[in-house]
Amino acid sequence: MPTESGSCSTARQAKQKRKSHSLSIRRTNSSEQERTGLPRDMLEGQDLLFLQDSKLPSSVRSTLLELFGQIEREFENLYIENLELRREIETLNDRLAAEGQAIDGAELSKGQLKTKASHSTSQLSQKLKTTYKASTSKIVSSFKTTTSRAVCQLVKEYIGHRDGIWDVSVARTQPVVLGTASADHTALLWSIETGRSLAKYTGHVGSVNSIKFHPSEQLALTASGDQTAHVWRYAVQLPTPQPAADTSQQLCGEDEVECSDKDEPDADADASSDCPTIRAPLTSLKSHQGVVIAADWLVGGKQAVTASWDRTANLYDVETSELVHSLTGHDQELTHCCTHPTQRLVVTSSRDTTFRLWDFRDPSIHSVNVFQGHTDTVTSAVFTVGDNVVSGSDDRTVKVWDLKNMRSPIATIRTDSAINRINVCVGQKIIALPHDNRQVRLFDMSGVRLARLPRSSRQGHRRMVCGSAWSEDHPVCNLFTCGFDRQAIGWNINIPALLQEK
C-alpha cells in the first residue's frame with residue numbers, strides 16, 4: 001500500500017483546520033430561531049465541545065465559558081427589565097389618554113446596546129448597565145414634563161462674526177449690551193433689541209475664547225489663544241429700536257425638523273464692518289504659557305482670574321497687572337473658570353475630570369477643595385444662588401453640588417450629548433445646557449427637564465452650541481446662545497409657574 005507523502009499530510013491537516021473553522025463560524029452565526037429551538041444544556045454542550053476541540057489551555061477555556069455565561073445573563077436581565085418598563089409605559093399612557101397626552105417609550109429600541117470587539121467582558125457589562133440607566137433616565141424625565149411645557153421664542157439673531165463664537169455674555173451695567181467672543185480673533189458688542197453691532201475689539205492676535213463684563217463699569221475682560229487676557233473699555237450708544245416682526249411662538253417639543261449645515265449664515269454678511277473698532281487694551285494680563293481659555297472678574301471688579309491650557313489659573317490685580325496668586329493642582333488643561341457673584345470664591349474645571357473650588361475670603365490664606373464625580377472632561381462649572389455649584393462634562397452629565405458636601409452631587413442630569421459652557425438663571429433657578437449635537441435644553445435644579453429650544457430649517461443653531469448666558473432683567477431676550485455656526489441667538493423663555501414650583 002502506498003504511503004502518504006509529507007506534503008499531502010500537511011495539506012490534509014490544513015483542510016481539516018479550515019473545515020473545523022468554518023463549522024465554528026456557522027455555529028456562532030446561526031440565527032436566534034435555530035438556537036432557541038434547542039435546549040440550553042444541548043447548546044452549552046456544543047459550546048463546551050467546541051472549546052474542548054480548540055488549542056486553548058483548559059484554564060482559558062473555563063474562563064471563556066464563565067464570561068460567556070455572564071454576558072448571556074446580562075442580556076437576559078436587560079431584556080426582562082425592558083419588557084417590564086414597556087408595560088409600565090403602556091399603563092401610564094392609558095392613564096394619560098383621557099388628557100390627550102401620551103408618552104413615547106421608543107427610545108429603548110434605538111440600538112443603544114452597542115459593543116466593540118476590543119472591549120473586555122467586564123467593560124461590556126458596565127457599558128450595558130450605564131446605557132440602561134441612561135435610557136430609563138430619559139423616560140422618567142419625559143414623565144415629569146408632560147403636564148406643561150415651556151414656551152421658547154426666538155427673538156433675534158446676531159450675525160457678523162467670520163468664525164465660530166465660543167462665548168456670549170450680557171453687560172451688568174447700563175447700557176445693557178450683548179458681548180460675543182469668536183475664533184475670528186475679535187469680540188463684538190451688540191444691541192440686544194436691534195441686533196446691530198456697536199463695537200468691535202481687535203486687540204488679540206489669537207482666538208477670543210471668552211468675554212465677561214465688569215460688575216459696575218463699562219469694561220470687558222477677554223481671554224485669548226495668544227496666551228493673554230485683556231481688559232478694555234467701551235463706550236456705546238444704543239440705537240433706537242425698530243418694531244420687531246411678529247414671529248409665532250413655538251413650543252419646545254422633540255419633533256422640530258432637522259436642518260443641515262448648508263443653512264448657516266452668509267459669511268459675507270459682515271454686520272460689524274461699519275461699527276467703531278477698539279484696537280488696544282487698557283491692561284494686558286500676561287504670565288500664562290498656554291492658551292487662556294477663560295477669564296472672569298472677582299466680586300468688586302478689582303481682581304480677575306484666568307484659566308489656561310498650561311494647567312494653571314492665575315489671579316491678577318487688574319489695576320497693576322500684577323500676578324497675585326498662581327493656582328496650581330490640576331493634572332491637565334483647564335477648560336473654564338467662574339467666580340461667585342457675592343463672595344471671593346473661584347471654581348476652575350479641567351480635562352482631568354475634576355473641578356476645584358478656591359476660597360479667597362481669608363486674605364492671609366486661600367484653600368482649595370477638589371470635586372470628583374465626572375468620568376470625562378469637565379467643560380464648565382458655575383455658581384448658583386446659595387451654596388451650590390453646577391458642573392457639566394463631556395461624559396454627557398450635569399451635576400448639582402452642595403459646597404458643604406463635596407462627596408456626592410445632590411442631583412444628576414443625564415443627556416445624550418457632551419455638555420459645553422452651561423449657565424444658570426439665578427432668579428428662576430434654570431440651567432441652560434448647550435450641546436455638541438446642536439441642541440439647547442433647559443432643566444431645573446432638581447434635574448427635571450423643562451424645555452428644548454426650537455431648532456428647525458428656519459431657526460436655531462446649525463452647528464455645535466458652545467455657550468449660553470441669561471439676562472434675567474431684560475424685557476426682550478432673557479437667554480442668549482452662541483455656536484460654531486458663527487451666530488448668537490436671543491430667546492424669550494416663558495416658564496409656567498407650575499413647572500417653577502416643581
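Is Cys-482 buried or exposed? In this predicted model, Cys-482 is buried, with a relative accessible area of 0%. That's a handy place to start, so let's look around it.

To find Cys-482, go to strand β29, which covers residues 479-483. Now check who sits around it. Setting aside neighbours within four places in sequence, Cys-482 is in contact with a run of residues from elsewhere in the chain, including Ile-165, Trp-166, Asp-167 and Val-168. Its contacts also include His-461, Val-465, Cys-466 and Gly-467, along with Gln-487 and Ala-488. Val-465 is worth a second look: it lies 17 residues from Cys-482 along the chain, yet their C-alpha atoms are separated by 5.8 Å.

Next, move to Arg-452, which you'll find in strand β27, residues 449-452. Arg-452 has a relative accessible area of 5%, and because that is under the 20% cut-off, it counts as buried. What does its side chain meet there? A polar contact of 3.2 Å links the side chain of Arg-452 to that of Gln-439.

For a change of scene, turn to helix α4, which takes in residues 58-96 and holds Leu-83. Leu-83 has a relative accessibility of 33%, so it counts as partly exposed, a label for values between 20% and 50%. Leu-83 also has company at the surface: together with Tyr-79 and Ile-80, it makes a nonpolar patch of about 300 Å².

So the tour takes you from Cys-482, buried at 0%, by way of Arg-452, buried at 5%, to Leu-83, partly exposed at 33%.

How values were computed: Residues numbered from 1 in each chain as written. Predicted model: local features only at pLDDT ≥ 70, side-chain atom pairs only at ≥ 80, totals over all residues. Heavy atoms only, no water. Helix = DSSP H or I, 4+ residues; strand = E, 2+ residues; numbered from the N terminus. Buried < 20%, exposed > 50% of the residue type's maximum accessible area, 1.4 Å probe, protein only. Polar contact = N/O pair within 3.5 Å; in protein donor to acceptor, adjacent residues only side chain to side chain. Patch = residues over 30% accessible without salt bridge, like charges linked within 9 Å, V, L, I, M, F, W, Y side chains within 5 Å. Areas by Shrake-Rupley, 256 points an atom, 1.4 Å probe, with all protein chains shown as cover. Salt bridge = Lys/Arg side-chain N within 4 Å of Asp/Glu carboxyl O. Contact = heavy atoms within 4.5 Å.
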